[in-house]
Amino acid sequence: MDVTTLISDAGISVGTLTLGVVLRGIAIFVLGLFAVKLILKALKKALGRAAAVSSLSGYILSTAKVLLYVLLVLVVLGSLGVEVTSFVALLSVAGIAVSLALQNTLSNTAGGMMVLISKPFVVGDYIAVDGVEGTVKAIGLSYCTVVTVDNKEVFIPNAQISATKVTNFNCLGKRRVDLTFTASYDASTAAVKAAIGEAMAKFPQILSDPAPVVYLSEYGASSISYVTRMWVNAADYWDVYYGMLEAVRETFAAAHVEMTYDHLNVHMMQD
């Protein structure tokens, strides 16, 4: 097959492919390259100023670069007399086919963009999402990696995150520790509160503002319940939570406050 046949098959008229047309195509290509670089430079500068999309700047620049170069090639081919309508139609069909094949992946990518732009959490936050609790290790375009308290890595699809409720325990800086302790009916309320207060005094992590409180919350069948609420910095939550459980047991014993459990008293009566 000779060159004439190849040119004819490409849709270019041999009579119109003159030196002037070729030079015009080369000029358009050179100017187009210069224009693409200017556009990408301006886009990069604009993205650098937009803090909300800083995490997506690399992805946006890469996508824009590919689209601009494809557009440049189509413009150059059009200037040479090539019928580009078929190319555009082919690209459209290919785009639809790829979109259908990668539907879940594209959905996760769109969800990742929403997470990166809206920032409901950042790396290092402790979150709960769709039954999974843990510390955010990484935020990607398709998945977010969460490390649970028992050191398991859970990869959560971004489409799932963007469509469900997310609880962020760190974003406000403080967390409230809620604990409930039971004591015998024989122990006075003042003695129980004093013992719990003594346990709280052992933890400097407990904040004074808001102040910790102890309330008598319930009269049970075999004991009285006391709810304790303390505010701590998010990073100190678990240390105070488990530390208080141990400390209250010790202060109750020292104050002779019985930490009761459910039991049944049976009284024998004689006729």
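## Two sheets, two packed helices and a few unusual backbone angles

The protein chain has eight helices and eight strands. The model is a predicted one. Of the 271 residues in the protein chain, buried residues account for 29%. When contacts between residues at least 6 apart in sequence are considered, 63% of them join residues at least 24 apart.

The strands discussed here belong to two sheets. One is an open sheet of five strands in the order S4-S3-S2-S1-S5, and its pairing is antiparallel. Its edge strands are S4 and S5 (166-168), each of which pairs on one side only. On average, neighbouring strands in this sheet are turned by 40° against each other, direction ignored.

Within this sheet, S3 (residues 143-147) pairs with S4 (residues 153-157) in the antiparallel sense, over five bridges. Two residue pairs help to locate the register. Thr145 has Phe155 in S4 as its bridge partner, and Val147 stands opposite Glu153 in S4. In a regular strand, side chains alternate between the two faces of the sheet. S3 and S4 form a hairpin, with five residues between them.

The turn of this hairpin holds Asn151, which has a positive phi of about 65°. Asn151 sits in the loop between S3 and S4. Asn151 counts as exposed because its relative accessibility is 67%, and the cut-off for exposed is over 50%. On either side of Asn151 in the numbering are two charged residues, Asp150 and Lys152, whose side chains meet in a salt bridge with an N to O distance of 3.6 Å. Asp150 is partly exposed, at a relative accessible area of 46%.

A second positive phi is found in another loop of this part of the chain. Asp130 lies in the loop between S1 (126-129) and S2 (132-139). The phi of Asp130 is about 50°, a positive value, although Asp130 is not a glycine. Most residues other than glycine have a negative phi, and most peptide bonds are trans. With a relative accessible area of 45%, Asp130 is partly exposed.

The other sheet is also open and consists of three strands in the order S6-S8-S7, with antiparallel pairing. S6 (174-183) and S7 (213-219) stand at the edges with a single partner strand each, so one side of each has no neighbour in the sheet. Neighbouring strands here are turned by 25° against each other on average, direction ignored. S7 is joined to S8 (residues 224-233) by six bridges, and the two strands run antiparallel. One point of register between them is Tyr215, which stands opposite Val227 in S8.

A salt bridge also joins Arg176 and Asp178, whose side chains meet at 2.9 Å, N to O. What is the exposure of these two residues? Arg176 is partly exposed, with a relative accessible area of 35%, and Asp178 counts as partly exposed at 37% relative accessibility.

Two helices lie across the three-stranded sheet. H7 (residues 189-200) lies across S6, S7 and S8 and runs at about 25° to S8. H8 (residues 237-254) lies across S6 and S8 and runs at about 25° to S6.

H7 and H8 also meet each other. Their axes come within 8 Å and cross at roughly 130°. That angle makes H7 oblique to H8, because angles over 145 degrees would be needed to count as roughly antiparallel. The crossing of H7 past H8 is right-handed. On the H7 side, the contact is made by Val192, Ala195, Ile196, Glu198, Ala199 and Met200. H8 contributes Met244, Ala247, Val248, Thr251 and Phe252.

A salt bridge also involves H8. Glu250 pairs with Lys202, with the closest N and O atoms 3.6 Å apart. Glu250 lies in H8 and Lys202 in the loop between H7 and S7, so the pair ties together parts that are 48 residues apart in sequence. Lys202 counts as partly exposed, at 44% relative accessibility. The total number of salt bridges is four, among them Asp150 with Lys152, Arg176 with Asp178 and Glu250 with Lys202.

The loop between H7 and S7 also contains Pro210. The peptide bond leading from Asp209 to Pro210 is cis, with omega near 0°.

Methods. Residues numbered from 1 in each chain as written. Predicted model: local features only at pLDDT ≥ 70, side-chain atom pairs only at ≥ 80, totals over all residues. Heavy atoms only, no water. Pairing = 2+ DSSP bridges. Helix = DSSP H or I, 4+ residues; strand = E, 2+ residues; numbered from the N terminus. Axes fitted to C-alpha atoms, helices over the stretch in contact; angles between N-to-C directions. Contact = heavy atoms within 4.5 Å. Buried < 20%, exposed > 50% of the residue type's maximum accessible area, 1.4 Å probe, protein only. Parallel < 35°, antiparallel > 145°, perpendicular 65-115°, else oblique. Left-handed = near helix turned anticlockwise from the far one by under 90°.
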